[in-house]
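Here is a short walk through one protein chain. Take the sequence and the model side by side, and follow the stops in order.

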Amino acid sequence: MGRITIRELQTGYAGRLFTPLEITKRYLGRILLKDPALNSFITIAKERAILEAKRLEAKARAGEQTGALYGIPLAYKDNIDTKGIRTTNGSSIDAYNVPYKNAAVVQQLLLKDSILLGKNNLHEYALGVTSNNPHYGPVHNPWNREYTPGGSSGGSAAAVAADLTAASIGTDTGGSVRIPAASCGVIGLKPTYGKVPTKGVFYVSWTLDHVGPITSTMSDLAVLAGAMLGQSYLPDLKTDVRGLRIGVPTSYFNERIDPETYGLYLRALEALEALGAILIDTDVSFVAGNAETSLTIAASEAGYVHRSRMECCLSQYGEDARALLESSLEITALRYIEALKAKERYAEKFARLFRENIDVLATPTIPIPARKIGVDEVRFGPYTESVFDAMTRYTGIFNMAEVPALSIPCGLTSEGLPVGLQLVAARGREDLLIRAGYAYEQDQLGDFYRERDRVCAGYISE
């Protein structure tokens, strides 16, 4: 049996082709077999998942109404609280933290009859983009285990790519859902700010944090996003994008970028145009300098969140997390407030852009493919940039603008590493992203998905 999408699971349950217990045991078996090489899970909730699957089967047999996610196994990034299941935040400080209640998003999805498989590995406290965790070991990219899966939701994206869970829920402060989605060849959505509750998530930044789904297909994203955001996106699974105005940035998002990544991005634009979308050159020069603004907000608020832990346990942080938190001590109140004001201006300018000029903005998700584990710098000709700065350069601006942003695969480099296309829309217009992403997927990604299932999940196409 190969990969089963969420929609195929729903159809199979309705037709009694298999049961939630059989599917749950399937995923648990794959985790046991495949995850030692990937390290995408910190905690596997085996007993709880099996009990929940049995409970749901009994509920269905009794004729009770079942929820929209009946029998769908999900994993959660390990900075999202799960009642009775340890939530480490990827840290040694919280290694034995067992929450007494679920995060709002976990409770929401459990009430829709999903099944909790376990907790995914991540960059320590979600404070980085490589998921090279000093306490639980690095997450390995299933396309090539010498490479990172991106981060900070790296375990989530790796687990989805390798078919160890039907989907995973991650968090995104400056790209932490979209960066690993692009690096692992899966789909990640950062919804509109505030549309998915963050209560029960260990903050990096309450101003920038979002909770979002990571899935293997656009139809799965439509189902899961619908359950999380409280509306149906199934009507948006259309292949018709004729007349959709897609903005193509004339600056910033085409600068300091890996040539193969840029070439695949241009091919994706051509494919969308061939489907009937209208490409519009778009001036986004106003985003220059946004990365410093984003980091100022994130570091300031992370320093506040971690203040008590820093007082007692600073030496227990990994090197990069400690460095970021220590940098927060040097940020003045004036600088923080100026950054918040700049964020407001970015949000206003993007709102006007979508209102007056375009429906969707298309950019590369990240300017580089995944780097090897332990590599901290990347070169663009004579210019050297940290991997952190490079990987967040095209994503963090949309956390500040509070708009929804989607990453979808758009091909493989010559080294066999995936590249992501980022689609962005106005606040509340996730429907446009699902429509554009689905049309592109159906036209372009059949061969990519087959290769992903062969390389990452170990399935051989018939």
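Patches are made of residues with over 30% relative accessible area and no salt bridge; like charges are joined within 9 Å, and nonpolar side chains (Val, Leu, Ile, Met, Phe, Trp, Tyr) within 5 Å. A salt bridge is a side-chain nitrogen of Lys or Arg within 4 Å of a carboxyl oxygen of Asp or Glu. Lys and Arg count as positive, Asp and Glu as negative, while His and the chain ends are not counted. Each charge is placed at NZ of Lys, CZ of Arg, CG of Asp or CD of Glu. Accessible areas come from the Shrake-Rupley method with a 1.4 Å probe, and for residues only the protein chains shown count as cover.

This is a predicted model: local features need pLDDT of at least 70, side-chain atom pairs count only at pLDDT 80 or more, and totals for chains, interfaces and linings use all residues. Residues are numbered from 1 along each chain as its sequence is written, and side-chain values use heavy atoms, leaving out hydrogens and water.

Start at the surface. Arg 345, Lys 349, Arg 352 and Arg 355 form a positive patch there. Arg 345 sits in helix H12, residues 333–356. Helices (H or I, at least four residues) and strands (E, at least two) are DSSP runs, numbered from the N terminus. Is Arg 345 buried, exposed or partly exposed? It counts as partly exposed, because its relative accessibility is 47%. Buried means under 20% relative accessible area, exposed over 50%, and partly exposed in between (1.4 Å probe, protein chains only).

Now step back. UniProt, in an unreviewed entry, places the feature "domain: Amidase" at residues 22–433. Such positions follow the numbering used here, feature names are shortened, and annotations may be inferred rather than shown by experiment. The span is 38% helix and 18% strand, and its end C-alpha atoms lie 33 Å apart.

Next, go inside. Ser 183 belongs to helix H6, residues 178–184. Ser 183 is buried, because its relative accessible area is 1%.

Last come the backbone oddities. Most residues other than glycine have a negative phi, and most peptide bonds are trans. Yet the bond from Gly 151 to Ser 152 is cis, with omega near 10°. Ser 152 lies in the loop between strand S5 (137–138) and helix H5 (154–161). Asp 113 is not a glycine, but has a positive phi of about 75°. Its loop runs between helix H4 (104–110) and strand S3 (115–120). Tyr 125, also not a glycine, has a positive phi of about 55°. Tyr 125 is in the loop between S3 and strand S4 (132–133). Asp 113 is buried at 2% relative accessible area, and Tyr 125 is buried at 2%.
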